[in-house]
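Colleague: I have a model open here and would like to talk it through with you. Could we start with what your terms mean and then go from the helices to the charged pairs?

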Amino acid sequence: MSFVQIILLAFILFAIIRAVLRFKNKDIRVNEFFFWMVLWGAIAVVVIFPDLTSRLAALLGVGRGADLAIYLSTILVFYLIFRLMVSLDKIDQDVTKIVSALALKDLEGKKKNQASLLRAA
């Protein structure tokens, strides 16, 4: 096993431990935890058996294993960016609703204060 493989496996182990801890703390859901475990497990298999990507690439009609890894990584990154954008849009909508509700509540409070000032005068 080469030095690079050892470093990569150490990073993968670190990532798996972080995912397990986040799952235990309920920071991520079961499906997210499963996704990260499958992803890091697959990456670990590729790191341990690098020729596997060349065989899979040949089976899929891609020139080299490295090309296949780049294609799959690019697809994964775009998918994760899509998920982030959807999450950000949802957060934006939630913030808009909260700010609108607070603004209406504040307006009602100001109207009540003005009404009580007018009655007192």
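Modeller: Before anything else, a residue is called buried when its relative accessible area is under 20%, exposed when it is over 50%, and partly exposed in between. Please also keep in mind that this is a predicted model.

Colleague: Fine. Which residues of helix 1 are buried?

Modeller: In helix 1 the buried residues are Gln5, Ile12, Ala15 and Ala19. They cover an arc of only 90° around the axis, which places them on the same side of helix 1.

Colleague: And what covers them?

Modeller: The cover over the buried residues of helix 1 includes helix 2, which runs over 30-48. On the face turned away from that buried side, helix 1 carries the exposed residues Phe3, Leu13 and Lys24.

Colleague: How far does helix 1 reach from its first C-alpha to its last?

Modeller: Helix 1 has 22 residues and reaches 32 Å between those two atoms, close to the 32 Å expected at 1.5 Å a residue. Just after helix 1, Lys26 takes a positive phi of about 65°.

Colleague: Let me ask about Phe23. Which residues is it in contact with, leaving aside neighbours within four places in sequence?

Modeller: With those neighbours left aside, Phe23 is in contact with Ile28, Arg29, Val30 and Phe33. Phe23 itself is found in helix 1, which spans residues 3-24, and it counts as partly exposed because its relative accessible area, 29%, falls between the 20% and 50% cut-offs.

Colleague: How far apart in space are Phe23 and Asp106?

Modeller: Phe23 and Asp106 are 39 Å apart, C-alpha to C-alpha, and 83 residues apart in sequence.

Colleague: Changing topic, what does the whole chain look like?

Modeller: The protein chain has 4 helices and 0 strands, and read along the sequence it follows the pattern α-α-α-α. Its radius of gyration is 26 Å, well over the 14 Å that the globule rule gives for 121 residues, so the chain is more spread out than a compact globule. Taken along the principal axes, its C-alpha atoms fill a box of roughly 85 × 30 × 25 Å.

Colleague: What share of the residues is buried, and how much area does the chain expose?

Modeller: Buried residues make up 13% of the 121 residues in the protein chain. The chain exposes about 10000 Å², of which carbon and sulfur atoms supply 71%. As for contacts between residues at least 6 apart in sequence, 47% of them join residues at least 24 apart.

Colleague: Now the charged pairs: how many salt bridges are there?

Modeller: The count comes to 3 salt bridges. One of them joins the side chains of Arg29 and Glu32 at 3.9 Å, N to O, which falls inside the 4 Å cut-off for a salt bridge. Arg29 counts as exposed at 52% relative accessibility, while Glu32 is partly exposed at 22%.

Colleague: What about Asp67, is it buried or exposed?

Modeller: Asp67 is buried because its relative accessible area is 19%, under the 20% cut-off. The side chain of Asp67 meets that of Arg64 in a salt bridge at 2.9 Å, N to O, and Arg64 counts as exposed at 53%.

Colleague: And where do Lys90 and Asp94 lie?

Modeller: Both lie in helix 4, residues 65-120, and they are 4 residues apart, about one turn of the helix. Their side chains meet in a salt bridge at 3.0 Å, N to O. Lys90 is partly exposed, with a relative accessible area of 46%, and Asp94 is partly exposed as well, at 30%.

Notes
Residues are numbered from 1 along each chain as its sequence is written. This is a predicted model: local features need pLDDT of at least 70, side-chain atom pairs count only at pLDDT 80 or more; totals for chains, interfaces and linings use all residues. Side-chain values use heavy atoms; hydrogens and water are left out. Buried means under 20% relative accessible area, exposed over 50%, partly exposed in between (1.4 Å probe, protein chains only). Contact means heavy atoms within 4.5 Å. The expected span of a helix is 1.5 Å times one less than its number of residues. The arc is that of the directions from the helix axis to the C-beta atoms. The radius of gyration is taken over C-alpha atoms; the globule rule is 2.2 Å times the number of residues to the power 0.38. Accessible areas come from the Shrake-Rupley method with a 1.4 Å probe; for residues, only the protein chains shown count as cover.
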